[in-house]
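Open the model in your viewer and keep the selection panel at hand. We will go from the whole chain to a strand, then to the ligand, and finish with a few single residues.

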Amino acid sequence: MKIIGIATSPRKGGNSQKLVESVLAGAKDAGAETELICLTDQNIHPCIGCGDCKSGHDTCAQKDDMSMLYEKIAAADGIIFGAPIYFGRLNAQAYMVIDRMWALLNPDFSLRIPAGKKFAVALTCGPGDAKTIQPMEQYFQNTVCGIFGFTYAGTVWQNQLMSPADLEKFPEKITEANELGKRLV
Ligand SMILES: Cc1cc2nc3c(=O)[nH]c(=O)nc-3n(C[C@H](O)[C@H](O)[C@H](O)COP(=O)(O)O)c2cc1C
């Protein structure tokens, strides 16, 4: 059982990454092999909409670290996807990865990866509240999980997180993230 965490914040070691790490810790406690991938360590470019992955080729024409991420997503049994809220939606880096996942779909939109992977979400924000988070939660649950055949396992989120260490003020959220990690296994 392999669970991967994808931390998309441009701020390495920030709140959403720590929330992802806490989900992975719960998954590890439940017996999973876990791996954290921080986008800050990767060289990944945006989708250029070239259509190459839909016209005779079964992967992306761009050769960057997304090639590694395709393999890790394909091999994973579960994924925890972490992102901060930027201006009421996800950060640009999160959408960049999701857009590049276009290459995981065949021209008829069937999957190039096995269906049924468990998928959970870790979101952090500042002054926002549940009304800020809900549209993003629904986006992951309906659009992302729907398109990629993921089984939605839940979302953990926390607001009032501005400084990178602010998550430490919410120890109960770490426990909730651990529990979500166990449900991914
Ligand atoms: C460009 C930018 C836009 C932001 N927009 C929002 C927002 O619309 N709502 C909100 O509650 N917090 C907003 N924030 C605050 C971040 O979501 C918050 O600090 C988050 O915990 C950062 O996660 P990180 O530590 O993983 O980078 C914004 C932060 C930045 C840098």
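Show the whole chain first: of its contacts with a separation of 6 or more, 77% are between residues 24 or more positions apart, where a contact means C-beta atoms, placed from the backbone, within 7 Å. Before you go on, note that this is a predicted model, in which local features need pLDDT of at least 70 and side-chain atom pairs count only at pLDDT 80 or more, while totals for chains, interfaces and linings use all residues. Residues are numbered from 1 along each chain as its sequence is written.

Now colour by secondary structure. You should find five helices and six strands, with helices (H or I, at least four residues) and strands (E, at least two) taken as DSSP runs and numbered from the N terminus. Read from the N terminus, the order is β-α-β-α-β-β-α-β-α-β-α. The radius of gyration is 16 Å, close to the 16 Å of the globule rule for 185 residues, so the chain is as compact as a globular protein of that length; the radius is taken over C-alpha atoms, and the rule is 2.2 Å times the number of residues to the power 0.38. Along the principal axes, the C-alpha atoms fill a box of roughly 50 × 35 × 30 Å. Of the 185 residues, 37% count as buried. Buried here means 20 or more other C-beta atoms within 10 Å of a residue's own, exposed means 12 or fewer, and partly exposed lies in between, with C-beta atoms placed from the backbone.

Next, select residues 2–7, strand E1. Five of its six residues are buried, so E1 is largely enclosed by the rest of the structure. Add residues 33–38, strand E2: E1 and E2 run parallel and are joined by six bridges, and strands count as paired when DSSP finds at least two bridges between them. Click on Gly5 to see its bridge partner in E2, Leu36. Follow the chain from E1 through H1 to E2 and you trace a right-handed β-α-β crossover, that is, one whose path from the first strand over the helix to the second runs clockwise with the strands pointing away from the viewer. Then bring in E3, which is parallel to E1 and joined to it by five bridges. Here Ala7 stands opposite Gly82 of E3.

Which residues are closest to the ligand? Centre on the ligand and select Gly14, Ser16, Pro84, Cys125 and Gly128, the closest of the 20 residues that surround it; a residue is near if its C-beta atom, placed from the backbone, lies within 6 Å. Helix H1 (15–29) and strand E3 (78–86) are the elements that give two or more residues to this shell. By class, the shell holds nine nonpolar, ten polar and one charged residues. Ala, Val, Leu, Ile, Met, Phe, Trp, Tyr, Cys and Pro count as nonpolar, Asp, Glu, Lys and Arg as charged, and the others, Gly among them, as polar.

Move on to the loop between helix H3 (92–100) and strand E5 (118–124), and pick Met101. Met101 counts as buried because it has 20 C-beta neighbours inside 10 Å. In the loop between H3 and E5 you will also find Phe109, which is exposed, with 9 other C-beta atoms within 10 Å. Check its backbone too: Phe109 has a positive phi of about 70 degrees, although it is not a glycine.

Your last stop is Pro135 in helix H4 (residues 130–148). Is Pro135 buried or exposed? With 11 C-beta neighbours inside 10 Å, Pro135 counts as exposed.

Definitions and conventions
Two residues are in contact if their C-beta atoms, placed from the backbone, lie within 7 Å.
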